[in-house]
Amino acid sequence: MDPILLSIDQIDDHNAQRLDALRDEYDSLGRALARRGIDIDTVKARVAGFSLALPTWGAGRGGTRFAKFPIPGEPTNIHEKLQDCGLVQTLGRVTPRVSPHFPWDKVSDYAALREEAAALGLGFDAVNSNTFQDQPGQRHSYRNGSLSATDAGAREQAIAHNVECIEIGRKLGSKALTVWVGDGTNFPGQQDLGASLDRYLASAAEVYSALPDDWRMLLEHKMYEPAFYSSVISDWGSSILAAQTLGPKAQCLVDLGHHAPNVNIEQIVARLHRFGKLGGFHFNDSKYGDDDLDSGSINPHQLFLVFNELVEAELNPRDGFDPAYMIDQSHNVTDPIESMLSSAEAIAGAFAKAVLVDRAELLAAQDANDVMMGFQALRRAYRTDVSPLVAMARIEAGGAADPIALYRLLGWRERTAQERTPVGLGAGIV
Ligand code: PSV
Ligand code: MN
């Protein structure tokens, strides 16, 4: 496959046809914002500075527990996944990093992989360990847990895998390890709820001790699935207690789909930040559970409210607030490249809206207990159509005015369908 994904001319031609209309819309939005005392170019600069990572596994079609429906040309190895992520970044310009998952993305030469990614305009973000599946030839099964297993051999194997992920991550230029375990139970009485957490903490401490000085360990909680009665790190409470027990390099990672229904996620964000423990975010959307739907497709208002807290945290940082942002979605019925482009734009848009919130007005309303004006400060920002602003930031960074339209014109899938090995059927990922 040609590593040059598309020429600058192709993007320029595409943009040239749309630029006049976009300028008109941008200027109109600029005038509307100026009437609110907001300088559009300042907001655009904030948006231009916003970025997040793509998950390597998001480049492939996901699936449900029941089935996976592959599409021709989808990637089957890390090299092809990098190409697709590189294309997303070239067109969208919000996602300059990828977050790899091991052992799914194992190769023999990580220095070469780092160079390969750099040639595509990509760096590496947090590395993800996988002790929620058994691998061929593995000595101990994770059937009864990994870091929290009663079997010392399984625990040691899980610790060693996480330490290996850190070593790989160092070679890739990463600075964080994200740990999500599927450990838990399906039946009352299956495990001692206290002792399993003790075992998890002891194992996690060993992983923690292998972290380089400038690394973080991000603990990702999830209420249920694959465990349906209890999960060891089920909620933000368990997560922050574990992070506090482990030490300052341990922080919590919030995946939008991993909570009890109707939980106030923005409040969780604010709480974690209050204690300097908000380390990362997995963006997706959800209707019922960990649905891994496209960001902003179900509840865009929640996404905005989450960003309202994140922007607030940025403005009032505690303990070097520097969250690792990533998309974590399962693209079951769309072309993953299109979903990642659309989601990156939705996430950047939610960030832009949160930047528009008049913080002084919000604070004054809160201090005066003026409920309606506090709400209106958020509402005014939320209902602003920021798409011209996000598009202009993208174009100025070298991206496409309409990334999905240009992607379709490229015939990328038709090409990759000719050149890539077809994916097998089967069930999807969690
Ligand atoms: C678990 O559901 C999760 O959100 C974790 O981030 C995993 O690493 C990822 O999904 C893999 O499917
Ligand atoms: Mn996740």
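Here are some short exercises, each with a worked solution, on a predicted model.

**Exercise 1. Describe how helix α11 packs against helix α4, and decide how the two helices are oriented to each other.**

Start with the elements themselves: α4 covers residues 78-92 and α11 covers residues 336-356. Two packed helices are described by the angle between their axes and the distance between the axes. For this pair the angle is about 40 degrees and the axes are 10 Å apart. Angles under 35 degrees would count as roughly parallel, and those of 65 to 115 degrees as roughly perpendicular. α4 and α11 are therefore oblique to each other. The crossing is right-handed.

Next, look at who meets whom. On the α4 side you will find Asp84, Leu87, Val88, Leu91 and Gly92, and they face Ile337, Met340, Leu341, Ala344 and Glu345 of α11. Sorted by class, the residues of this contact are 7 nonpolar, 1 polar and 2 charged.

**Exercise 2. Now work out the geometry and the contact residues of α10 with α11.**

Take the axes as before: those of α10 and α11 come within 8 Å and cross at roughly 55 degrees. That angle makes α10 oblique to α11. The handedness of the crossing is right-handed.

For the contact, α10 offers Pro300, Leu303, Phe304, Phe307, Asn308, Leu310 and Val311, while α11 offers Ala350, Phe351, Lys353, Ala354 and Val355. The class count for the contact of α10 with α11 is 10 nonpolar, 1 polar and 1 charged.

**Exercise 3. Give the angle, axis distance and handedness for α11 and α14, then list the residues in contact.**

Helix α14 spans residues 387-396, and its axis lies 10 Å from that of α11, at an angle of about 115 degrees. The crossing of α11 and α14 is again a right-handed one. From α11, the contact uses Glu345, Ala348, Gly349 and Ala352; from α14, it uses Ser387, Leu389 and Val390. These residues split into 4 nonpolar, 2 polar and 1 charged.

One residue deserves a second look. Glu345 of α11 appears in the contact with α14, and Glu345 is also listed in the contact with α4.

**Exercise 4. Check the length of helix α2 against the span expected from its residue count.**

Count the residues: α2 runs from 19 to 35 and holds 17 of them. The expected span uses one less than the number of residues, times 1.5 Å. The helix should therefore span 24 Å, and its end C-alpha atoms are indeed 24 Å apart, so the two values agree. Beyond the helix, α2 is followed by Gly37, whose phi is positive, near 80 degrees.

**Exercise 5. Is Leu29 buried or exposed, and which residues does Leu29 contact beyond its sequence neighbours?**

First place the residue: Leu29 sits in helix α2. The cut-off for burial is 20 or more other C-beta atoms within 10 Å. Leu29 has 20 such neighbours and therefore counts as buried. Setting aside neighbours within four places in sequence, its contacts are Ile40, Pro388 and Leu389. Leu29 and Val386 are 357 residues apart in sequence, but their C-alpha atoms are 7.9 Å apart in space.

**Exercise 6. Find where the cis peptide bonds before Pro103 and Pro226 lie, and examine Glu225.**

Begin with Pro103, which is joined to Phe102 by a cis peptide bond with omega about 15 degrees. Pro103 belongs to the loop between β3 (101-102) and α5 (110-119).

Then turn to Pro226, where a cis bond with omega about 15 degrees links Glu225 to the proline. Pro226 is in the loop between β8 (216-220) and β9 (230-231). Glu225 has a positive phi, near 80 degrees, although this residue is not glycine. With 15 C-beta neighbours inside 10 Å, Glu225 is classed as partly exposed.

**Exercise 7. Asp292 also has a positive phi; what is its value, and is Asp292 buried or exposed?**

Phi of Asp292 is near 55 degrees. The residue lies in the loop between β11 (278-283) and α10 (300-315). Asp292 has 24 C-beta neighbours inside 10 Å and so counts as buried.

Notes:
Residues numbered from 1 in each chain as written. Chains lettered and ligands numbered in written order. Predicted model: local features only at pLDDT ≥ 70, side-chain atom pairs only at ≥ 80, totals over all residues. Axes fitted to C-alpha atoms, helices over the stretch in contact; angles between N-to-C directions. Helix = DSSP H or I, 4+ residues; strand = E, 2+ residues; numbered from the N terminus. Parallel < 35°, antiparallel > 145°, perpendicular 65-115°, else oblique. Left-handed = near helix turned anticlockwise from the far one by under 90°. Contact = placed C-beta atoms within 7 Å. Nonpolar A, V, L, I, M, F, W, Y, C, P; charged D, E, K, R; others polar. Buried ≥ 20, exposed ≤ 12 C-beta atoms within 10 Å, placed from the backbone.
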